[in-house]
Every structure is written in structure tokens, then in C-alpha cells.
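Hi,

Here is the structure I promised to pass on. Have a look at it first, and my notes follow below.

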Amino acid sequence: MSEEQRAAPEGKGAGSQLPAQPVGVKPQDEKPAVDGAALFEQGGALTPRGQLVFEPSFQYSHSSTNLVSVVGYTIIPSITVGLINIKNVESNTLVGALGLRYGLTSRLEGEVKIPYVYRTESTSTDSAGTGGQNVTSVFTADGNDLGDIEFGLRYQLNRTGPSYWLLGLRVKSNTGKDPFEMPVDQATGFYTRLPTGSGFWGIQPGLTLIVPSDPAVFFGSVSYMANIPRSIPGVGDVDPGDIVDANFGLGFALNDKTSISLGYDHSIVGRVKRNESYLPGTMVTQLGTLLIGFSYRASDRMSYVFSLGAGLTQAAPDVQLTVKVPFNL
């Protein structure tokens, strides 16, 4: 009797075939439950070695603020004598970007992102004085040009799970239009052309944790953006303040093609300094955003990714819509 016949289960014929692998073990080539593209940028998986991913994206964000200032004095709590100024600001930003990611090794990924920015801003002011005269004025401006190009590296610290740690380093350039070089209306103090960049180089190290738990993937990360101060003629040495960012969330597979994501991102932006002293009128800014994402894997090479961000703090954008189409070259 052959070895195969002796190994056949009891009651089976000699011609029966053994399973290709032990029962209950997932095939080695089975795709992960959650498409890596479904995770937000902060929690995504690495690109495999030797693979190049081209990722065009489009992002729209809208912000609106209402500021009320009173210059005067109060007679009683319900009556104020003086000048009341109401300022409404509506801002819209559209960013089209081309991104490239390449797997340098099985644990190291490099990336570059080139954005093009278009911005519009409308500011209306209403002034009401004690004489009963109302003065309303509207000021609009826009700007479009290359944004701040970004470069990044991400390295997976451990080879095996159950969780994975990724160490990242991102460098942001100042290729966008400099805010300090934009023309300003002398009467109002507003930009007549809007900048498309921050005007400063920045270096951002970060650490990401990914925990697979089929059919879900949990992730969280922390990062620190160190903006590099610079000397600006006529202004002095300016430090725009550093940024601490933390986020967490999960991706969940609905089926083998569709995934959804839910997350929260919070950034703390430091105060601006000029000549080593805090600039009067500036303060620490809190940016909190709720993130909801959807991903559809159209093929083994391409996915469609949609995400919605809703601002939960006053300084955060009211709404932020992002569309990405990553595909393997």
C-alpha cells in the first residue's frame, strides 16, 4: 500500500486526495479583511517591497467664523454703549495632489506628495454705533499656485504581530506662496492675494500602532511637527509654533471589496513667536475633527477612497471632503 493510501481517512477510497493544507488554516494568499486604502492617512499600511503606488487626490474644505467685538462700556448688563463690530469670514480651499509611494524594502516605504492649492476667502463686516448708523463692507480675495511639497519615510519596527508599530518621518517644504510676500490692502489689512503655503519648513516624526482584529483593524498615532523659524525682512525672527497631533480609529470590512473607517484627529497648534517673544493676540489653537471614510476595491490594482471630516472645535474646518484613487503601477 502506498503512503497516500495509508494516510487516507478511514472510509475513504485509496484515490482520495489529502487537503492542500490543514483544515481551519487560512490560505496564505488570502487578502486582508480590511483594504489598506480604507484606513486614514495616519493609520495606513506599508507599500509592499518593489511596488509603486500612484495616488491622485482631491480635497475640499470649508470654514466659517463669526466674530463679535464690542468697544465701549456697559451701563447695566443688558445695555452696552459703544461700537459693535461683527465680522463673518467664509473660506474655501481646494487641493488637488499627486502622490507616489514606493516600497523600498519589506519594512520601509518612501513617499512624495505634490499639491496644487486654490483658495477663496470672503470677509464681511457690519458696524453698528450709538448713532444708529450701520456700515457694511465685503472684502474678497483668492489665490492659486503650487502648495508645500511633502516627503516622507515610514518604517515597520517589528516583523510579526499581533500588533504592528510604524515609525514615520515627514518633511514639509515651503514651496507654496509665502504669506509674508502676499500683497495686503492697506485700508483693511486683508490679503488681496491669498498664500498657498505656510512659508516655513517643517519636520514631523510620528509613531503609529496598527492592531488587526479580523474583520476590523484598530489604529492610532501621535506626531510632532517642528516648524523651523526664519528671519523675515521687516518683521524679525518668526517661529510659527509647533504642532502636536494625535488620532485613533478603526477600519471595518463589510465584504471583500468594501470597507468603512471611523476616526478622530486632534491637533494642538502652539503660539506664534517673534524675536523670541509670543506675538500679542495669538493663542494655543485646538483642532478636533471627526473622520468617516469609505473604500471600494475596484480591482487588485485600484481602489476608490472617500472620507468626510467634520470639525468639532471652533478653529477646525467645518467640513472637509477627500477623494483618493490609489492604484498600483
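Glu-276 is exposed, because its relative accessibility of 68% is over the 50% cut-off. This is a predicted model, and in it Glu-276 has a positive phi of about 70 degrees without being a glycine. You will find Glu-276 in the loop between E13 and E14. Asn-275 belongs to the loop between strand E13 (273-274) and strand E14 (277-278) too, and has a positive phi of about 55 degrees, again although Asn-275 is not a glycine. With a relative accessibility of 44%, Asn-275 counts as partly exposed. I point these out because most residues other than glycine have a negative phi, and most peptide bonds are trans. While you are in that part of the chain, look at Lys-273: it lies over the face of Tyr-278, at 5.0 Å from the ring centre.

On the peptide bond side, the one from Asp-214 to Pro-215 is cis, with omega near 10 degrees. Pro-215 sits in the loop between E7 and strand E8 (216-227).

Now the rings. How many aromatic pairs are there? The count comes to five. One of them joins Phe-180 and Phe-200, which meet edge-to-face at 6.0 Å centre to centre, with 85 degrees between the planes. Both residues are in the loop between strand E6 (164-172) and strand E7 (202-213), so the pair ties together parts that are 20 residues apart in sequence. Are the two partners buried or exposed? Phe-180 is partly exposed, at a relative accessible area of 36%, whereas Phe-200 is buried, at 4%. Phe-200 also has a charged residue over its face: Arg-230, at 5.7 Å from the ring centre.

Asn-158 is another residue to click on. It is in the loop between strand E5 (150-156) and E6. What does its side chain reach? One partner is the backbone oxygen of Thr-160, at 2.9 Å. A polar atom of the Asn-158 side chain also lies 3.0 Å from the backbone nitrogen of Trp-165. Leaving out residues up to four places away in sequence, Asn-158 touches Arg-107, Ser-163, Tyr-164 and Trp-165.

Arg-107 turns up again around Leu-46. With residues up to four places away in sequence not counted, Leu-46 touches Arg-107, Glu-109, Arg-154, Gln-156 and Leu-166. Leu-46 and Leu-166 are both members of the largest nonpolar core, which has five residues. The others in that core are Ile-210, Val-217 and Phe-219.

Finally, a word on confidence before you set anything up. The protein chain averages a pLDDT of 83, and 78% of the residues score at least 70. Over residues 1-32 the pLDDT is below 50, and this stretch has nine contacts in the model beyond near neighbours in sequence. Residues 70-82 also stay under 50. For them the model has 17 contacts beyond four places in sequence. Where pLDDT is low, the predicted coordinates should not be read in detail.

Cheers

How values were computed. Residues are numbered from 1 along each chain as its sequence is written. This is a predicted model: local features need pLDDT of at least 70, side-chain atom pairs count only at pLDDT 80 or more; totals for chains, interfaces and linings use all residues. Side-chain values use heavy atoms; hydrogens and water are left out. Rings of Phe, Tyr and Trp (its six-membered ring) pair if their centres lie within 6.5 Å; planes under 30 degrees apart count as stacked, over 60 as edge-to-face and the rest as tilted. Helices (H or I, at least four residues) and strands (E, at least two) are DSSP runs, numbered from the N terminus. Buried means under 20% relative accessible area, exposed over 50%, partly exposed in between (1.4 Å probe, protein chains only). A charge sits over a ring if NZ of Lys or CZ of Arg is within 6 Å of the ring centre and within 35 degrees of the ring normal. pLDDT is the predictor's confidence in each residue, from 0 to 100. Contact means heavy atoms within 4.5 Å. A polar contact is a pair of N or O atoms within 3.5 Å; within protein, one must be able to donate a hydrogen and the other to accept it, and residues adjacent in sequence count only if both atoms are side-chain atoms. A nonpolar core is a set of buried Ala, Val, Leu, Ile, Met, Phe, Trp, Tyr and Cys residues joined through side-chain atoms within 4.5 Å.
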